[in-house]
Amino acid sequence: MNTFTRITPPRTKVGLVAGGLGAYWPQFPDLLPQLQRSSARVAERMKALDCEVVDVGFISDAQEGAAAAEKLRAAGCDLIVGFLTTYMTATMLVPIAQRSGAPVLLINLQPTESMDHATFDTGQWLAYCGACPLPEMANAFTRVGIPFRSVSGYLEDERAWERIGRWVRAAHVRATLRHGRHGLMGHLYPGMLDVATDLTLVSANFGGHVEVLEFDDLRVRVEKVTDKEAAERVALARDVFELADTVNEEDLGWAARVSAGLDRLVEDFELDSLAYYHRGLDGEIHERLGAGMILGASLLTARGIPAAGEYELRTSLAMLIMDRLGAGGSFTELQALDFARGHVEMGHDGPAHLAISSRKPLLRGLGVYHGKRGWGVSVEFDVTRGPVTAFGLRQDRDGRYGFVVSEGQVVEGPLLQIGNTTSRVDFGCDPGEWTDAWSASGISHHWALGTGHRLADLRALADLLEAKVTHVQH
């Protein structure tokens, strides 16, 4: 396994079907060619969104719609996009939505911003009439129990294409979760009731598979790491990190072996994410493995395979979501509140997403991990200044997952130097009030912190997953 090349997830598969009412074609001979040109332009722009487009062409009646439905069902799409080029009946698209099993996005993109009213005849107007069937589609989809969403604009409307891109990104993350394999290794941190997760609920809410692992699964792989592999991993660590003078060579060598073993574990079980914890006793091998995880877990996270400590499965899933949205996503909790500056200080010891560091991350040697057994090297950095999003998964009493989201700004200020990722976040309000509102959402005491403001993307994903969004704002 390549040690530090980001993984390349499968591309989002988008099914595209365009249509209009076939009764128009003999009446207005120039209309269909114009609509087909629009359809070709939509297909071109869809492909530019870094997705695989399954284009089943242009449909003109219910029979052609049924044939398109079978093609898209067989293709196994992550998102179905129906392009309403002009008026068309609901019977043309409902079967496609029913048979595909994929989320549906209806787009109404007229040729230009506005018609030339003084010169247009009926045939030219009909090319601008994609808005007409949208309420009909909405009504029919609602009555047959199929969720849908829509984007209206014009062909070169960048605002509309940004919204379309958001749905494609959300479909990509949904597919990642549906097909994901998530490792859960070790045991629950004693007493953390908020962290405890019913594994069946992961499949119920998101799909995917949770692979239950023992620390012995890691142990046997670490034992097989060669001296050459360990030396190569030490060299990688020296290249990726700045090393503090507190780093002990023996601890670094052990962390390197654990890191190489972790890569094998992830490869053998085909994991997309990992959450872990093991307490251990008296320096025995399992305690040593747990203490040696941070280097390898951070390298995995930077490669797009997020790893979270303290058995925090829901947070490793939140980190995966943020990573696939391009936001990074680092393991985070509250550290302190700075009322003098109006900032919330947050971060965590353990795994961190190196891609969102404001500088070359530091590897610091620690004599003890606070609250956990073990010692060794830990990653320290602060998140890049600018917009950030705190995002976590809440579990309600009925077992449904919800999204908790808050957008803020990482700002300058003094930071702890204790081997943690740490950041000062300004949420635009009193830090105590923000903390009360964030806690009242039902979030656990861990979450993912990612770069950029991601609320709109997360709302789109929540819509596809039928999850409730709690937006904590000032």
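Three strands of this predicted model form an open sheet in the order β8-β13-β14, with mixed pairing. Because β8 (242-243) and β14 (376-380) stand at the edges and have a single partner strand each, one side of each is left without a neighbour in the sheet. Between β8 and strand β13 (residues 362-366) there are two bridges, and these two strands run parallel; within this pairing, L243 stands opposite L363 in β13.

**Confidence**

The mean pLDDT of the chain is 94, and 97% of its residues reach 70 or more. Over residues 369-373, however, the pLDDT is below 50, although this stretch has 22 contacts in the model beyond near neighbours in sequence.

**The five-stranded parallel sheet**

A further open sheet consists of five strands in the order β2-β1-β3-β4-β5, and here the pairing is parallel. The edges are taken by β2 (51-59) and β5 (149-154), each of which has a single partner strand, so one side of each is left without a neighbour in the sheet. From one strand to the next, the twist averages 20 degrees. Strand β1 (residues 12-19) is joined to β2 by seven bridges, the two running parallel, and the bridge partner of K13 in β2 is E52. As general background, strands of a sheet pair through backbone hydrogen bonds, either parallel or antiparallel.

Helix α3 (residues 62-75) packs on this sheet, where it touches β1, β2 and β3 (79-84), and its direction makes about 165 degrees with that of β2. Helix α7 (residues 158-179) also packs on the sheet, touching β1, β2, β3, β4 (104-110) and β5, and its direction makes about 150 degrees with that of β5.

**Helix α15 and the strands it packs against**

In helix α15 (residues 431-440), the buried residues are P431, G432, W434, T435 and W438. Seen down the axis of α15, these buried residues fall within an arc of 160 degrees, so they line one face of the helix. In general, an α-helix has 3.6 residues a turn, so residues three or four places apart point the same way. On the other side of α15, E433, D436 and A440 are exposed. The buried residues of the helix pack against β11 (328-338), β12 (343-349), β15 (386-395), β16 (401-410) and β18 (447-451).

The position of T435 can be followed in more detail. This residue lies in helix α15 and has a relative accessible area of 12%, so it falls under the 20% limit for a buried residue. Leaving aside its neighbours within four places in sequence, T435 is in contact with L334, L337 and V344.

At the start of α15, a side-chain oxygen of D430 reaches to within 2.9 Å of the backbone nitrogen of G432. The helix α15 is followed by G442, whose phi is positive, near 95 degrees.

**Strand β17**

Strand β17 (residues 420-426) is mostly covered, since six of its seven residues are buried. Six bridges join β12 to β17, and the two strands run antiparallel; in this pairing, V344 stands opposite V425 in β17. Two bridges join β16 to β17, and these strands also run antiparallel, with V410 standing opposite V425 in β17. V344 thus appears both opposite V425 in β17 and among the contacts of T435.

**Positive phi outside glycine**

Most residues other than glycine have a negative phi, and most peptide bonds are trans. Against that background, two residues may be set side by side, with their phi values, loops and relative accessible areas listed below.

| Residue | Phi | Loop | Relative accessible area |
|---|---|---|---|
| D50 | near 60 degrees | between α2 (31-47) and β2 | 56% |
| E310 | near 55 degrees | between β10 (307-308) and α14 (313-324) | 7% |

Which of the classes, buried or exposed, does D50 belong to? With a relative accessible area of 56%, D50 is exposed, and it is found in the loop between α2 and β2. E310, by contrast, counts as buried at 7% relative accessibility, and E310 is found in the loop between β10 and α14. For D50 the positive phi is near 60 degrees, while for E310 the positive phi is near 55 degrees.

Note on methods:
Residues numbered from 1 in each chain as written. Predicted model: local features only at pLDDT ≥ 70, side-chain atom pairs only at ≥ 80, totals over all residues. Heavy atoms only, no water. Pairing = 2+ DSSP bridges. Helix = DSSP H or I, 4+ residues; strand = E, 2+ residues; numbered from the N terminus. Axes fitted to C-alpha atoms, helices over the stretch in contact; angles between N-to-C directions. Contact = heavy atoms within 4.5 Å. Buried < 20%, exposed > 50% of the residue type's maximum accessible area, 1.4 Å probe, protein only. Arc of directions from axis to C-beta. Polar contact = N/O pair within 3.5 Å; in protein donor to acceptor, adjacent residues only side chain to side chain. pLDDT = per-residue confidence, 0-100.
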